[in-house]
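Welcome to a short set of exercises with worked solutions. Have the structure open as you go, and try each task before you read on.

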Amino acid sequence: MHALASGALRAMLPMKGRIEFVDVAKSYGTGRRARRVVEGCSFTVEPGRCTVMIGPSGVGKSTIVRLIAGFEKPTSGEVRLDSAPVRRPGPDRLVVFQESSLFPWMTTGENILYGPKARGEGDETTLARAEQLLEKVGLQAFRGKFPTQLSGGMQRRAELARALINDPVVMILDEPFRGLDAMTRMLMLEYYVHLADAARRTSLFVTTDIDEAILLADELLIMSSIPTHVRAAIAVDLPRPRRLADIIDNERANDIKIEALSLLHEEALRSFAAGSRAAAEFVNAYAHRHRSAPTHPLGGG
Ligand code: ADP
Ligand code: MG
C-alpha cells in the first residue's frame, strides 16, 4: 500500500537524469598524431531506465563514460544532462569503475558512509540507510572489516552500496564486474538486478557481456569499432523481474542476442582488421558462447 502510493507519486514527478550525446567527437592529441576515439556519436539515456552500452574492448566506451562524468570535454558536439551542457564532474553523476575505489584505511561501514559524512550528513536517517544498504548487498557481518579483508565480490558490493547511498540522479557503471570469476560475477549480477529493480533510477551500464547486457537493459546500445558511435539501439522489451536462467531460455531474448551478436561480431572484425588484439579475443569468445545455433551468428558455419 505504502510502496504503491510512493511509486505513484514518483511516477507523477518529472524524472531526472536524461543524458544526451549530440554528434559528439573526441580525439586525443592533435594534427597527424590525433587519435579519433569517438566520432558522430549521438544517443539518449532516458530517465528512469537502464541503458546498456556494449561493444568490443578498446572502442571508446570508457571515453564516453569520462565525457558524461565531466572528467573530459568533447572535441566537438555536446554532452547534456537534463538539457544543460555537462562541463565538470558533479555529484549528480556517479561513476563506478572496474577498479576498486574503496579507501583501504576505512572499514566497509566507514567507506559506505564516506559520501554523506563528507557532506556533513551523519544523522539517524543516513545511518539507517547505510544499514539498509549493508543488508541489501549482504555485508552486515562485514561492516567492521577493511577492504583487504573482503573478497573481490564483497568489495564490488561495498562499492555499489557506497555509490547508492549518495542517491545519484544518474548511476554510471563501467564494467563494474570485470575481472571477477564467473560464479562471483553471476552472484553480483543477481544482487545488482535486485537493487536496480527496487529503485528504477537512470543508469548507464557498460559491459562486453551480452547476457549481462540483456538481463539489465531497457535499451541496448551497440557500439561500433573505433572511432565509436552507436551502431544500433535495440529495445529490450522483456518482462521484469528478470533472472539469468529465464534469459537463457527465452525466445525473444535469444532473438535480441542473435541480432546484437551479429552486429558486435561485425564491429569486432573491423577492430580486428585494424589490429586490435582485444577484438580478436572478443570474436573468439563469442564464437564459442553463442548457444542457440551450432553455427556462427553470421551463418556460413
Ligand atoms: P573501451 O572502454 O571501449 O575499452 P577506451 O575508451 O578505454 O575504450 O579507449 C579507447 C581508445 O582511446 C584506446 O585506443 C585508448 O588507447 C585511447 N585513449 C583513451 N584515453 C586516451 C588518452 N588519454 N590519450 C590517448 N589515447 C587515449
Ligand atoms: Mg573501458
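A crossing of two helices is left-handed if the near helix is turned anticlockwise from the far one by less than a right angle, and right-handed if clockwise. Helices (H or I, at least four residues) and strands (E, at least two) are DSSP runs, numbered from the N terminus. The model is predicted: local features need pLDDT of at least 70 and side-chain atom pairs count only at pLDDT 80 or more, while totals for chains, interfaces and linings use all residues. Residues are numbered from 1 along each chain as its sequence is written, and chains are lettered from A and ligands numbered from 1 in the order in which they are written.

**Exercise 1. Describe how helices α3 and α4 pack.**

Step 1. Two packed helices are described by the angle between their axes and the distance between the axes. Axes are lines fitted to C-alpha atoms, for helices over the stretch in contact, and angles run from 0 to 180 degrees between N-to-C directions.

Step 2. For α3 (residues 108-118) and α4 (residues 124-136), the angle is about 135 degrees and the axes are 10 Å apart.

Step 3. Now classify the angle: under 35 degrees counts as roughly parallel, over 145 as roughly antiparallel, 65 to 115 as roughly perpendicular and the rest as oblique. The pair α3 and α4 is therefore oblique.

Step 4. Add the hand: α3 and α4 make a right-handed crossing.

Step 5. List the residues that meet, where a contact has C-beta atoms, placed from the backbone, within 7 Å. From α3 come G109, I112, L113 and P116, and from α4 come T126, A130, L133 and L134. This contact of α3 with α4 holds 6 nonpolar residues, 2 polar and no charged. (Ala, Val, Leu, Ile, Met, Phe, Trp, Tyr, Cys and Pro count as nonpolar, Asp, Glu, Lys and Arg as charged, and the others, Gly among them, as polar.)

**Exercise 2. Work out the surroundings of strands β7 and β3, and name their partner strands.**

Step 1. Fix the terms. A residue is buried if 20 or more other C-beta atoms lie within 10 Å of its own, exposed if 12 or fewer, and partly exposed in between. Two strands pair if DSSP finds at least two bridges between them.

Step 2. Take β7 (residues 170-174): 5 of its 5 residues are buried, so the rest of the structure largely encloses this strand. V170, I172 and D174 cover one side, M171 and L173 the other.

Step 3. Find the partners of β7. Strand β6 (residues 93-96) pairs with β7 in the parallel sense over 4 bridges, and V95 has I172 as its bridge partner. Strand β8 (residues 202-207) is joined to β7 by 5 bridges, again parallel, with S203 as the bridge partner of M171.

Step 4. Repeat for β3 (residues 50-54), where 5 of the 5 residues are buried. C50, V52 and I54 point one way, T51 and M53 the other.

Step 5. β3 pairs with β8 in the parallel sense over 5 bridges, and C50 is matched with S203. Another 4 bridges join β3 to β9 (residues 219-223), also parallel; here V52 is matched with L220.

**Exercise 3. Which strands stand at the edges of the open sheet of 4 strands, and what packs on that sheet?**

Step 1. The order is β2-β1-β4-β5, with antiparallel pairing.

Step 2. Each of β2 (35-45) and β5 (84-85) has a single partner strand, so one side of each lacks a neighbour in the sheet.

Step 3. Inside the order, β1 (residues 19-28) and β4 (residues 76-81) are antiparallel over 5 bridges, with E78 as the bridge partner of V22.

Step 4. Helix α2 (residues 61-69) packs on the sheet and touches β1, β2 and β4, its direction making about 120 degrees with that of β1. In α2, 7 of the 9 residues are buried, among them I64, L67 and I68. Just after α2, G70 has a positive phi of about 90 degrees.

**Exercise 4. Is R201 buried or exposed, and what is it in contact with?**

Step 1. R201 lies in the loop between α6 (182-198) and β8.

Step 2. R201 has 21 other C-beta atoms within 10 Å, so R201 is buried.

Step 3. Leaving aside neighbours within four places in sequence, R201 is in contact with G48 and M171. The C-alpha atoms of R201 and M171 are 7.5 Å apart, with their positions 30 residues apart along the chain.

Conventions. Two residues are in contact if their C-beta atoms, placed from the backbone, lie within 7 Å.
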